[in-house]
Structures are given as structure tokens and as C-alpha cells.
Amino acid sequence: MTQTCDWGVKMPSRIVKAVRRVGARVVDGVWRFGVASRFLFLTLVYSGTSFRRLHLIIKEIFSTGVLSLIIILVSGLFVGMVLGMQGYDTLQRYGASESLGVMVALSLVRELGPVVAALLFASRAGSAITAEIGLMKATEQLSAMEMMAVNPIARVVAPRFWAGVISMPLLAAMFSAMGVFGGYLVGVKLIGVDEGAFWSQMQNAVDFQQDIVNGVIKSFVFGVAVTAIALFEGYDAPPTAEGVSGATTRTVVTSSLAILALDFVLTAFMFRGEG
Amino acid sequence: MSSDNLVEFQNVSFAYGKRPILKGINMTVPRGKVVAIMGGSGCGKTTMLRLIGGQIKASQGQVVVDDKVVRDLDADGLYHLRRRMGMLFQFGALFTDMSVFDNVAFQMREHTDLPESVIRDLVLMKLNAVGLRGARDLMPSELSGGMARRVALARAVALDPMLIMYDEPFAGLDPISLGVIGNLIRRLNDALGATSIVVTHDVHESLAIVDYVYFVSDGVIVAHGTPEEMRASDKPFVHQFIHGEEDGPVPFHYPAATYDADLRLGGKNA
């Protein structure tokens, strides 16, 4: 079977259909990205209310940030302990086992802290935000709020957005601190690396501007991305059970990919061949 | 100067995409009355409430509320108008992360600068009116369907609105709650000097409490009148609806090919 495509060329209809499907998907994706950007813009525009009424943000910091603490701290500890073991194993081959502290701290502060904490944050808090907003929509709570002359973006979305943006760098910092402690436990207490060398080399090698600040910038960017994606997916979810579950899945997948892609871009800008 | 009608639909049409929902609706809701809009599920009743609240805009004609054309209002004007409307959603739509008290207090806290002690008194008065003063510390998940509906009703009238809209207030309630809600709708309307619009398909409860009925079918108004006129009506649709008959102008069967053809009994080989 052949079919005439839009330019008048005869082509097998299977190919025409496939090309059309791809095209429709791309157009759809670009469209959604546009809607999401507009949504983020509106969230920023309507943020005034949340800053005049800080308790709205604080309540959300509790449910997104504080309730994510356990998973962040425990994961940080284990990641640090693994780093201590693997790092020692590699470094002692070159007789540089005193640099274990440097290795652990730099890996955590530059990369693992922001990235792993953000991935955990996306699956722990991001999915919860999407499910909550999606269900609020499905049960007409957002509609009811609109009918009460209260803008749901100002009252529901904006406080959660800022709570996520504030929580994320703090969680990443705690992840890194816990990780350094884990590396210390394994490296110094278990394996027996010299304690003085562990800490003093770390202090000398870790630069505030280059390492700490850049790590904080990363986690801040991840916080914006994860929270915005989670909020948008919830707000955009079809008001049904499948709709909300699909949106929750998309939040975790999209924000994980966004974190890794953004990390690559940010790292390329921050650490190009220096040091 | 305000007209006698709080809400007017003037030849209003509305379509979702290409699917027409309302086709040229004319309807008036006089001040102080309780008016029911009745019709089968999915006939566009709820759409009419959303048009009044300005959540969607008519594709043709205009909706006038309190002498203002809803479509022409800007965001501020619309929000101003909505502050004087209360709406009861189908399943209450209570905010699940707030207690009963905070739900009822929500609009007072958002829209007024009243001190917390005054808000407390007002909330307790509203809750008392629906008989749930004692349930103020419960969360919505702890309420039965009928209680949730009553809390939502207290929340809808929290700011003493001029217009109260009810979207299927009777759906899924037991007979006792049904009567309670019905009486509350009438009592609150008269006590507040408000005007009420009840969208419903529950015939007996609503005919007992309303002043006037509009029947909607397939996007047009097929009949209207007082409850007595409607009960006596011999229009086929009204008769079928009020008496709950299975077949009539609203067919039992979804449009399909003939039964014989579907079962391939027509002599053709399958």
C-alpha cells in the first residue's frame, strides 16, 4: 500500500504513519515543555503570597525536607562508607592512602552529594508532591479553591516550590556531611588511615569557592528542576487514578534524567580542566 | 439599580473542542429563589455552574451574574464576584490536609483580616448550622459522606454569599442525610437571603425544596416550571425523568447497529 504524503511524494503508508507518529510526539513534547515553562513562570509571579505568609512555606518544608531527612542521612552514611573502602583500595596502590579524606570529600561535595541527594529527593518528595497535587485536582480541591477566589498556584503550588528549592541544598549538604563522616568511620576507624592526615589534607584540598559553592549551586538548580517537574506533573495530571499514577511515574523518570543531564552541563561549566 | 434576576443565561452555547455541550440555553434565576437544574448525567448541568463561576467561558451568548457579564470580567473582577458565591462540589472537595475547622475558616483567613477569635466564633456558628460543631477537630478522611457534604456546605456559606451553587448535593447519600441536606439547602437560602442553584438528578428530594425547575437534555432546556407544574407535566421527557422510566425520549440503548446485524443473523456469512 502506498500513500501520498503532504509534499505529494508517494511513500509506503507504514513509513508515512511512523514519521507522523514521531512528528506528533516531538510536537507534543515541545508543546508540553512550553506549558511547563509557562507554569513555572506563573509560579514565580504568584510567589508573593507565600513570602508574605511564611508559615505556608515552613509547613511544606516540613513535609518535603524534614520528612526526607532519614533517607538522605542513611544513604549519605552508606555512600560515604563505600567511598572510604573503594577509595582506600585504589589509593593505597599508589601509596597515597593519606589522601583518602580529600577523595571522599571532593567526590561528595562536588558530585555525589548534590546528585544522589537530588535523585533521592525526586523519588521521596517529588513523587509525593505530584501525587498530592494530582489528587487535589482529581477531587476538585483545586477547582473549589478557584471558586473561593483563591488562586491555587499562589496558595498550593508556590509554597511547595519554594519549600523544595530551600530544602534541596540543605539536604545535599547534610548528605555530604554524613558521607564524610561515613568515609571517616571506614577509613580512619576501621582501616586505620592516619586521622590527622585524613582531616588536614581534606582541609587543604577542598576549596570553598571552587568546590563547596559550586556544589551548592548544583543542588539549588536540581531543587528547582525536581520541584518544578513534580508540581507541573501533578497540576497537569488527568484527574483519574491512572492519570495520577502515570504522572507520579513521569515525575521520577523525568526529574532523574533532568538531574543527570543538568549535572553534566553544570560540571562542564564549573570544572573545565582547572585544578 | 439591580434587576430581579441574579443569574441570566442569554442564548448560551458551549463546546469542549468540537463536542457541543450546551446549545442556546436561556434561563433566569430570580433573586431569593431556589432553582433546580435537572437532567441526566453528562447533559451539561455542571458546565452551567462552571459558566456562572467563570471557570469556563461561553462560546456564544452571555452569562450575566448580578448585572455583570461574566465573560467580560478581568481576573480581579472575577475573583471579586466569586467571593460572593459559594459552591458545594459533588463530593464536597474538602481540603484533605486541613481539619474541618480550618476548611470552614479557609476563606475567612484568605479574604478577611478578622482576628482569630472572631473567626473561631464564625466558624462555630457555621458548623452549628449544619449540626457539626462537635466535629470541628476531625480530618476530612474521618467523616462519612453525608458529614463531608455538610462541612462543605458550611464552608460554601462561610462568607455569607449572595449565590450558592450545589453540584449534585444528593449524590451517594443515605436517606437520612438526603433529607438533612435538602432541608439545609432551603433553610440556609432563606436565612441568608441568598439565591441558590441546585444541579441534580435526584427528583423527589429536589422537587420538595425548590421554587422552580429547569430540565436540561442534550444541551437544551426541554421544560421548565414550578415543581407542581412539572409533576403534572405530560411532556414525554419530564414524565420519563420524574417517574424514572427505563425507556422513552431518553433511550435505554446506546446508539448501535441493529441487534440482528450485530449478532450477524442477517444471512451474511461472518
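## A loop residue in chain A

A:Ala149 is found in the loop that joins α6 and α7 of chain A. Like everything described here, this placement belongs to a predicted model. The phi angle of A:Ala149 is positive, at about 65°, although the residue is not a glycine. Most residues other than glycine have a negative phi. Is A:Ala149 buried or exposed? Because its relative accessibility is 5%, and residues under 20% are classed as buried, A:Ala149 counts as buried.

The two helices on either side of this loop, α6 (141-147) and α7 (152-191), each supply at least two residues of the lining of the largest pocket. That pocket is described further below.

## Chain A as a whole

Chain A has 10 helices and 2 strands. Read along the sequence, the two strands come before the helices, in the pattern β-β-α-α-α-α-α-α-α-α-α-α. The C-alpha trace of chain A spans about 70 × 55 × 30 Å along its principal axes. Of the 275 residues in chain A, 44% are buried. Contacts between residues at least 6 apart in sequence can be sorted by their separation along the chain: in chain A, 79% of them join residues at least 24 apart.

The accessible surface of chain A amounts to about 13900 Å², and carbon and sulfur atoms account for 69% of it. Chain A carries 21 positive and 18 negative charges, and the mean positions of the two sets are 11 Å apart.

## A:Val193 and its contacts

A:Val193 lies in the loop between α7 and α8 (195-205) of chain A. With a relative accessibility of 7%, A:Val193 counts as buried, because the cut-off for that class is under 20%. Which residues does A:Val193 contact, leaving aside its neighbours within four places in sequence? They are A:Tyr88, A:Ser97, A:Glu98, A:Leu100, A:Gly187 and A:Val188.

Separation along the chain and separation in space can both be stated for a pair of residues. A:Val193 and A:Glu242 are 49 residues apart in sequence, and their C-alpha atoms are 53 Å apart in space.

## Chain B as a whole

Chain B contains 10 helices and 10 strands. Its C-alpha trace spans about 80 × 45 × 40 Å along the principal axes. Chain B has 270 residues, of which 49% count as buried. Among its contacts between residues at least 6 apart in sequence, 64% join residues at least 24 apart.

Chain B exposes about 13200 Å², with 52% supplied by carbon and sulfur atoms. There are 27 positive and 32 negative side chains in chain B, and the centres of these two sets lie 3 Å apart.

## Buried positions in chain B

B:Ala93 is located in the loop between β6 (85-88) and α3 of chain B. Its phi is near 50°, which is a positive value in a residue other than glycine. B:Ala93 counts as buried because its relative accessibility is 6%. B:Ile119, by contrast, sits in helix α4 (residues 116-129) of chain B, and at 1% relative accessibility B:Ile119 also counts as buried. Not counting residues up to four places away in sequence, B:Ile119 touches B:Ala105, B:Met108, B:Arg109 and B:Leu114. One of these, B:Met108, is 11 residues from B:Ile119 along the chain, and the two C-alpha atoms are separated by 6.9 Å.

Helix α9 (residues 236-243) of chain B has the buried residues B:Phe237, B:Val238, B:Gln240, B:Phe241 and B:Ile242. An α-helix has 3.6 residues a turn, so residues three or four places apart point the same way. Among the elements of chain B that cover the buried residues of α9(B) are β3 (34-38), β9 (212-217) and β10 (220-225), together with the helices α7 (203-209) and α8 (227-232). Just after α9(B), B:Gly244 has a positive phi of about 60°.

## The largest pocket

The largest pocket has a volume of about 1300 Å³. Which of its 39 lining residues are the closest to its centre? They are A:Glu146, A:Asn151, A:Pro152, A:Tyr235 and B:Tyr79.

Helices of both chains contribute to the lining. In chain A, α1 (13-45), α2 (48-52), α6, α7 and α9 (208-236) each supply at least two residues. In chain B, α2 (75-82) and α3 (100-111) do likewise.

How values were computed. Residues are numbered from 1 along each chain as its sequence is written. Chains are lettered from A and ligands numbered from 1 in the order in which they are written. Side-chain values use heavy atoms; hydrogens and water are left out. Helices (H or I, at least four residues) and strands (E, at least two) are DSSP runs, numbered from the N terminus. Buried means under 20% relative accessible area, exposed over 50%, partly exposed in between (1.4 Å probe, protein chains only). Contact means heavy atoms within 4.5 Å. Accessible areas come from the Shrake-Rupley method with a 1.4 Å probe; for residues, only the protein chains shown count as cover. Lys and Arg count as positive and Asp and Glu as negative; His and the chain ends are not counted. The place of a charge is taken as NZ of Lys, CZ of Arg, CG of Asp or CD of Glu. On a 1 Å grid over the protein atoms alone, a cavity is a set of points where a 1.4 Å probe fits but cannot get out, and a pocket is an open set with protein on both sides within 12 Å along at least five of seven lines; lining residues have an atom within 4 Å of a point. Grid points are joined across faces, edges and corners, and a volume is the space filled by probe spheres set on the points.
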